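Hi there,

Here is the structure I promised to pass on. Have a look at it first, and my notes follow below.

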Amino acid sequence: MADMGEAPSPEAAFGDAVRIAMINDTAWLHGMHLHGHHFRQIRADGTVGPLRDTILMNRGETVEIAFAADNPRDWLLHCHMLEHSAGGMMTWLRVA
Ligand SMILES: [Cu+2]
């Protein structure tokens with residue numbers, strides 16, 4: 001996960017289908033939480049997971065999520081372990 005920057009990542013238009021790949025290259029578990037939308041995991045075999053707003057990532061795991069950008073605003077995507085998000089594991093996206 002990149003640190004939260006000045007530019008949204010990604011910036012989506014209302015109605016876009018958004019896919020975000022997250023790589024956990026740390027030695028810890030992370031519960032990644034998206035505000036404002038619910039998403040589904042896109043598994044490597046092409047199947048999709050249940051609708052959720054948080055997904056637990058194991059160390060070394062890559063997770064791809066997808067959702068419909070149907071809620072215009074700026075939204076946080078961060079680890080739900082608050083010491084991790086305070087340490088920089090937080091970014092944001094914009095739906096305009
Ligand atoms: Cu974490």
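To start with the metal: what spacing do the donors of the copper ion follow along the chain? The pattern is H-x48-C-x4-H. His 30 and His 84 link distant parts of the chain, with their positions 54 residues apart: His 30 belongs to strand E3 (residues 30-34), and His 84 to helix H1 (residues 82-86). Please keep in mind that this is a predicted model.

In atomic detail, the copper ion has three protein donors, namely ND1 of His 30, SG of Cys 79 and ND1 of His 84, at 1.9 to 2.1 Å. His 30 counts as buried because its relative accessible area is 4%, under the 20% cut-off.

Now to the strands. E8 (residues 90-95) is mostly covered, with five of its six residues buried. E8 pairs in the parallel sense with strand E1 (residues 11-12) over two bridges, and there Glu 11 has Arg 94 as its bridge partner. Strand E7 (residues 73-79) runs antiparallel to E8, and six bridges join them; one bridge pair there is Leu 76 with Trp 92.

There is also an open sheet of three strands, in the order E2-E6-E4, with antiparallel pairing. Strands E2 (17-23) and E4 (40-41) stand at its edges with a single partner strand each, so one side of each has no neighbour in the sheet. E4 is joined to E6 (residues 62-68) by two bridges, and Gln 41 stands opposite Ile 65 of E6.

Happy to hear your thoughts.

Best wishes

Technical notes. Residues are numbered from 1 along each chain as its sequence is written. This is a predicted model: local features need pLDDT of at least 70, side-chain atom pairs count only at pLDDT 80 or more; totals for chains, interfaces and linings use all residues. Side-chain values use heavy atoms; hydrogens and water are left out. Donors are N, O and S atoms within 2.8 Å of the metal (3.2 Å for Na, K and Ca); water is not among the atoms, so sites may look incomplete. Helices (H or I, at least four residues) and strands (E, at least two) are DSSP runs, numbered from the N terminus. Buried means under 20% relative accessible area, exposed over 50%, partly exposed in between (1.4 Å probe, protein chains only). Two strands pair if DSSP finds at least two bridges between them.
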